[in-house]
Amino acid sequence: MAFFLETLLGGLMSGMLYSLVALGFVLIFKASGVFNFAQGAMVLFAALAMARFSEWIPDWLGMENLFVANLLAFAVAVVVMFVVAWLIERLALRYLVNQEGATLLMATLGIAYVLDGIGQTIFGSDIYKIDVGMPKDPVMMLESVFEGGILINKEDFIAALIAALLVISLSIFFQKTATGRALRAVADDHQAAQSIGIPLDRIWVIVWCVAGITALVAGIIWGSKLGVQFSLSTIALRALPVVILGGLTSVPGAIIGGLIIGVGEKLSEVYLGPYVGGGIEIWFAYMLALVFLLFRPQGLFGEKIIDRV
Amino acid sequence: MFYRENGQFKTSYKADQQAFAIPQDRWAIYAIVAFAFIGVPLLVDEYMFRAILVPFLILSLAALGVNILVGYCGQITLGAGASMAVGAYAAYNFLIRVDGMPALAAILLGGLVAAAAGIVFGAPSLRVRGLYLAVATLAAQFFWDWAFLRIKWFTNNASSGSVSVADISLFGWTISTPTDKYLFSLGILVVFAVMAKNLLRGNMGRQWMAIRDMDVAATVIGIRPMYSKLTAFAVSSFYLGVAGALWGFVNLGSWEPAAFSIDRSLQLLFMVIIGGMGAISGSFFGAAFIVILPIFLNQMLPLVGSLFGLEVSTALVSHVEVIIFGSLIVFFLIVEPHGIARLWATGREKLRLWPFPH
């Protein structure tokens, strides 16, 4: 029982991390109908920026304080992601309005290539580490309930907490601020939003900026877990089943989908994996999403797809 | 002036329904095929065959398969590489497990197995649509990636799924030199392209196109969505399976699952979208673009660097290559979202009127 709970909790926490990446997808898809395959590249780019600036800034300023260096690096990385978002909108997406979904998907793939290339040219292509001072040692919990207690990775726990915080602040931003309302209006109906004077291109830049920030947060958390390296950009592929499971247009869907996928992955790997040779995590997530999709083709919380002839 | 069809009257249904109804087109196609069979082997050196032409031919075949599904039936797939892998490994198993199996038969059987797998993994398309389906097809990609890496039976207990095939032979003709490989791939490609052309203008192709344009409306006029979607998946996977088997047997010789990873799937989708969705010629244009561009960049960048007196490191070259590749793709999509085939069609329209303005 304790082992089951441990696996379950581990799954929930890694699921939270998936939702963090999935959020980026959902935000952009909702606002502009672009299925952003470059999200993974953005995560890598942001993590590289963060890792390298936190290394360079102490050198440039000649100071030792890790916290201040990280804070500065974070600020610089945010600015970098804003610039990236602005450039993507300005140079590519602006010209691709109203194209088919597949074309847009391919365009974002092209953007992903460019981002990967530029990121590695500027920041280098070795493995870097991000040290934001997250505690690494696991802790025991519920020792009174179970014999031996449950082992919890503190790092994962804090990461999940940060993810939850980000989600809450995002939903406040979307529900309560004028910009958030404008974003939701654009998501609802481009033309109607434009006709009441919401500037579309500015909204898109904002959405990409927000997606950039979620990418940065995801990049920092994943980067401090796994190290910043090229394979970080493939976590987008891990987050895709989360997105379709939750629904492409739903923020809560991304969270709940992430939790389902996280738990499903961990449980399948532990209880099913040994029988079939292990390593089934990645395709199991897709299969799980597929099973849900067979019952609800638009994902759990996605907008119902209505066919009009 | 030379390319126009006025004055050409069709006097029989047969003439009207030819694959290439305009004689200029027909002769141009004959000329191209003849040149590819006879002229190219005389003119081109071995490096060209190995590095460019053989990959180009096989990937064109694969792109044709993807185009049938994505361009003609409107079902976006990101699992094309998986179909290629199934074809390659199935053909390999037929070749080594059945005594005296001819290589060509193994390749075709591999295609059939891929078609069966394609039907299974295409079944969700009956419920799931659009981008959701695109992501769902990734399930096939990751499942087969895993299967060929972990299930030892598929790879005859080879470590890490790497298998190799000796030079294959066809009715006593051993395909070993690059020229042989080129001719063999070209022969198969021509047969399959003719097949696709006829399939697509027949009943089945029209059903696919109806489903692509609006599936509810197609259902209303009596097209069975299940039948036509699944046939599209089957035919497309068959093409991909054959292409995969060729890629393994002819181009690589020895391969591992990574040869058919998700990157391959994305590459194939690129070819179709850059080349032109819903155009057979688009598959060829796209494949040429994607095969030649990286090689071209790889050769050109150090030259350009040395022109400015810069010593360019290989790492930088590969990064700049990726950047230019990505930006060219975005650029192409912005300038001509319907692909090179549309550019070609526009050019042909112009040619028809030339030299008069209207």
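Leaving aside neighbours within four places in sequence, Cys209(A) contacts Met81(A), Phe82(A) and Ala85(A). The model is predicted, and this cysteine is placed in helix 8 (residues 200–226) of chain A. Cys209(A) counts as partly exposed, because 17 C-beta neighbours lie inside 10 Å; a buried residue needs 20 or more. Tyr18(A) stands 191 residues from Cys209(A) in sequence. In space, the C-alpha atoms of Cys209(A) and Tyr18(A) are 19 Å apart.

Confidence was examined for the whole model and for each chain. The model scores ipTM 0.83 and pTM 0.88. Chain A has a mean pLDDT of 82, with 92% of its residues at 70 or more. Chain B averages 85, and 98% of its residues score at least 70. Within chain A, helix 3 (residues 66–91) has the highest confidence, at 87. Strand 1 (residues 139–141) of chain A has the lowest, at a mean of 64. Where pLDDT is low, predicted coordinates should not be read in detail.

The largest nonpolar core holds 221 residues. Val43(A) and Ala47(A) touch the most other members of this core. Residues up to four places away in sequence are not counted among the following contacts of Ala47(A). Ala47(A) touches Ile130(A), Gly219(A), Ile220(A), Trp222(A) and Gly223(A). Val228(A) and Leu232(A) are also touched by Ala47(A).

The two chains meet in a contact that takes 39 residues from chain A and 38 residues from chain B. On the chain A side, the elements giving two or more residues are helix 4 (101–123), helix 9 (235–246) and helix 11 (281–295). Helix 4 of chain A gives the most, with 15 residues. By residue type, the chain A side divides into 26 nonpolar, 11 polar and 2 charged.

Ile323(B) makes contacts across the two chains. Ile323(B) touches Val114(A), Gly117(A) and Ile118(A), not counting residues up to four places away in sequence. Ile323(B) is placed in helix 13 (residues 314–335) of chain B. Ile323(B) is buried, because 20 other C-beta atoms lie within 10 Å. The threshold for burial is 20 or more. Ile323(B) and Pro357(B) are 34 residues apart along the chain. Their C-alpha atoms are separated by 40 Å.

Helix 12 (residues 280–307) of chain B has 28 residues. From its first C-alpha to its last, helix 12 reaches 40 Å, close to the 40 Å expected at 1.5 Å a residue. Helix 12 of chain B bends by about 25° at Ile292(B). A proline, Pro294(B), follows within four residues of Ile292(B). Buried residues of helix 12 include Ile280(B), Gly282(B), Ser283(B), Phe284(B) and Phe285(B). Gly286(B), Ala287(B), Ile290(B) and Val291(B) are buried as well. The buried residues of helix 12 pack against four helices of chain B: helix 3 (46–72), helix 7 (178–201), helix 11 (262–275) and helix 14 (340–353).

Leu303(B) also lies in helix 12 of chain B. Leu303(B) is exposed, because 9 other C-beta atoms lie within 10 Å, and the exposed class takes 12 or fewer. Leu199(B) is 104 residues from Leu303(B) along the chain. The C-alpha atoms of Leu303(B) and Leu199(B) are separated by 46 Å.

Val66(B) lies in helix 3 of chain B, one of the helices against which the buried residues of helix 12 pack. Val66(B) counts as buried, because 29 C-beta neighbours lie inside 10 Å. Not counting residues up to four places away in sequence, Val66(B) touches Thr77(B), Ala80(B), Ser236(B), Leu268(B), Leu269(B) and Val272(B). Val66(B) and Trp153(B) are 87 residues apart along the chain. A distance of 28 Å separates the C-alpha atoms of Val66(B) and Trp153(B).

Helix 6 (residues 130–150) of chain B has 21 residues. Helix 6 reaches 31 Å from its first C-alpha to its last, close to the 30 Å expected at 1.5 Å a residue. Of the 21 residues of helix 6 of chain B, 17 are buried, so this helix is largely enclosed by the rest of the structure.

Note on methods
Residues numbered from 1 in each chain as written. Chains lettered and ligands numbered in written order. Predicted model: local features only at pLDDT ≥ 70, side-chain atom pairs only at ≥ 80, totals over all residues. Expected span 1.5 Å × (residues − 1). Bend = angle between axes of the 7 residues up to and from the residue. Contact = placed C-beta atoms within 7 Å. Nonpolar A, V, L, I, M, F, W, Y, C, P; charged D, E, K, R; others polar. Core = buried A, V, L, I, M, F, W, Y, C linked by C-beta atoms within 7 Å. pLDDT = per-residue confidence, 0-100.
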